[in-house]
Each structure stands twice: as C-alpha cells, then as structure tokens.
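Take a look at the structure below. This report goes from an enclosed space to the parts of the fold around the chain.

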Amino acid sequence: MALFTQSFIITLFLGAIAAGIPLLLAGLGEQLSEKTGVLNIGLEGMMLFGAYTGFLVAWSSDSLALGFVAGAAGGMVVAALMALLCVRLGLNQIVIGIALTLAAEGLTALLHFVQFSRTYPRLDGVPTLPLWPLSEIPFVGPILFNNNVVFYFAIVLVAVFAWVYRQTNLGIALQAAGDKPAALDAAGVDVTNTRTMAVLVTGALAGLGGAYMSIVVAGVFVPFMTHGNGFIAIVLAMLARGRPLWVLGGALLFGGSLSLTTALQVAGVDIPTDVIQMLPFAMVMLVLLVAGRKAALPVALGESFVRGSR
C-alpha cells in the first residue's frame, strides 16, 4: 500500500496547520513572556481555560467571533493571577505556574461536567478552506480557515513580533526586562509593568490558541483536551532563541506530528493510536537533545524583581 498518496499528504499538511496554529499562538506568547524574564509554566492552564470559555461562548451565542474573544479573555484571567502572584508579589514562577495549570484542569473539568453531563454539544456548520477539493478526500474534523481571522492573525503576528523585537524601543525594553532588569529600572522604565503586560498578552494568545482548538479543530470542548500543548509551546519558545519565525517552523513540525494519526488513518495504515500520539513528545525530546544546549535564555528568567534593587 502506497503511503505518500495525495490524500495522505494533503491531510497531513492541513492537519499540521490546524494543530500548529494553537502551538504558534501559545509559543509566541511564551516567547514574549520569557523575553521579559517570566517563565510561564501556567501556559497549559491558560490554553485549557481559553478552550473552555471560547467554546462555551461560541456554543451559547452561536458566534465564532465572540468565542475567540472569550477564549482570549479566559486565558487572560489565568494570566492575571500569574502576573499578580509572580510578577507583583514575587512568588516562585514554577510553583505558581504548575498550580494554575492544575487548577484550570480541575475547574474546567468540573464546570464541563456540571453544564454538559447530560448533553454532548458540538459546533456544526464550520466552513472549510477551499485550497483543494477537500470533498474528494476523507478528511476528519471541521477545520476553519476560510473567513477565520485567527489563522491569518497568527501568521501576521509572527512578522509583527519579529519587527517589534528588532526594530523598536519596546523590543529593547522587553529584552532588557529579561536580561538586565536593574538597568531597565535605572533607565526609568517600570520593569513590573513591562512584565505584567507581557504575561497578560501571553495569556490572551494562549487562550486564543485554546479556543481555536475547541472551536475550530475539534468543534467541541473535552476536559484536558490540550494534552500537553502548552508545555510543547514552552519548549518551542525556549528553542526559538527569540526568533518568532522559528516558533512558526517548530509549530508546523510538532503540528505535523500531532496530525499524523489522522493522516495514517486516511492512508489505511494500521498503527496503534497510542504509538502515534507519543510522537510529538518523542519529537520534543529529540529536538532538545539536538538543539537544547544552544538555547539562549534571558539571564533573569524565572527571577523576581524588586523595583529599586541593583
């Protein structure tokens, strides 16, 4: 049986894009947060809460746009707690991040059970991307690209972030907040506000990525549906070395690994699903072994800052 058929290639490619967009959004957000010195371990919780709030609003209002906005807002709620506890109060970023992720997992699972224990709501009528005649191939799952501002927003955001980091004073301030926060403070820029802004933007992007997963890719919210995507996005941000374009490449790479299950099913290859679902995490470990030592992280990453300290 031929593996690399047209159906297999198209399904793998579109699946890589669909699975890669949430990773791209969360990875860009984490890259921004890390630049300012905040290791956002709570990214998984932000994505999951965004997936829940985004789907809930989209399902109840019958509006995809409102769902995306609600997803971003949901991620910002978790991010606000991260900013308050870690940036403002100086608590341990790793401990708080893990706690927020566990809390988001438990809360969304409980709310989902209370609201939908007797029903199984889905979003129907999601349009598809008319790049190829998708009706001619067996493609699993509703994927929304046509009229989907999130898809184009994520791509444009790569260029915007690259420009900000390289060409603007804001980019210099963001870098200084993570490398030399005392110097930035001496220059009259509030390091705490800079980090708070970065964490809130990270939460919005992660929540939007989670909403994309529940609204577009799955068409339904399932407890724990992020399946470690937030942690993969953290690895992407660390390995990208401050380059947004590298986050895009990594998101497509890991997104392809995540979509391989569907593509192999289309090709008629009988491989245990558990083996295929292990591939993204095996890919993470492989990339870490190859390029992990070259990852350049901010000097003050994970360290709290007290204004006026030198």
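## The largest cavity

The largest cavity has a lining made of Val-38, Cys-86, Val-87, Gln-93, Val-191, Thr-192, Arg-195, Glu-303, Ser-304 and Phe-305. The model is a predicted one. Which helix gives the largest share of this lining? Helix H8 does, with 3 residues. Both H3 and H8 supply at least two residues each.

By class, the lining divides into 5 nonpolar, 3 polar and 2 charged residues. The space inside comes to about 50 Å³. The count of cavities of 30 Å³ or more is 1.

## The chain as a whole

How many helices and strands does the protein chain have? There are 12 helices and 0 strands. Read from the N terminus on, the elements run α-α-α-α-α-α-α-α-α-α-α-α.

The protein chain has 310 residues, and 52% of them are buried. Its accessible surface is about 14,300 Å². Carbon and sulfur atoms account for 68% of that surface. Now take the contacts between residues at least 6 apart in sequence. Of these, 81% join residues at least 24 apart.

## Two nonpolar cores

The largest nonpolar core holds 33 residues. Which of them touch the most other members? They are Ile-21, Leu-24, Leu-25, Leu-28, Phe-68 and Phe-161. Several helices contribute at least two residues each to this core: H1, H3, H5, H8 (191–218), H9 and H10. Another core lies apart from it and has 28 residues. Val-78, Val-87, Ala-206 and Met-213 are among its members. Val-87 also appears in the lining of the largest cavity.

Leu-28 is worth following in the model. Leave out residues up to four places away in sequence. Leu-28 then touches Ala-154, Leu-157, Val-158, Phe-161, Tyr-165, Leu-205, Pro-244 and Val-247.

## Helix H9

Is helix H9 mostly covered or mostly open? H9 spans residues 229–239 and is mostly covered, with 9 of its 11 residues buried. The buried residues are Asn-229, Gly-230, Ile-232, Ala-233, Ile-234, Val-235, Leu-236, Ala-237 and Leu-239. H9 also supplies at least two residues of the largest nonpolar core.

After H9 comes Arg-241. Its phi is positive, near 55°.

## The second largest pocket

Arg-241 turns up again here. The second largest pocket has 18 lining residues. Which of them lie nearest its centre? They are Lys-35, Gln-175, Arg-241, Gly-242 and Arg-243. Two or more lining residues come from each of H1 (6–35), H5 (149–167), H6 (169–179), H9 and H10 (244–267).

The pocket encloses about 330 Å³ of space. Its lining has 9 nonpolar, 3 polar and 6 charged residues.

## A leucine in H3

Leu-66 lies in helix H3, which spans residues 64–88. Why does Leu-66 count as partly exposed? Its relative accessibility is 47%, and partly exposed covers the range between under 20% (buried) and over 50% (exposed).

Leave aside neighbours within four places in sequence. Leu-66 is then in contact with Val-57 and Ser-61. Gly-54 is 12 residues away along the chain, and its C-alpha atom is separated from that of Leu-66 by 7.7 Å.

Technical notes:
Residues numbered from 1 in each chain as written. Predicted model: local features only at pLDDT ≥ 70, side-chain atom pairs only at ≥ 80, totals over all residues. Heavy atoms only, no water. Helix = DSSP H or I, 4+ residues; strand = E, 2+ residues; numbered from the N terminus. Buried < 20%, exposed > 50% of the residue type's maximum accessible area, 1.4 Å probe, protein only. Contact = heavy atoms within 4.5 Å. Areas by Shrake-Rupley, 256 points an atom, 1.4 Å probe, with all protein chains shown as cover. 1 Å grid on protein atoms, 1.4 Å probe; cavity = no way out; pocket = protein on both sides within 12 Å on 5 of 7 lines; lining within 4 Å. Points joined across faces, edges and corners; volume = space filled by probe spheres on them. Nonpolar A, V, L, I, M, F, W, Y, C, P; charged D, E, K, R; others polar. Core = buried A, V, L, I, M, F, W, Y, C linked by side-chain atoms within 4.5 Å.
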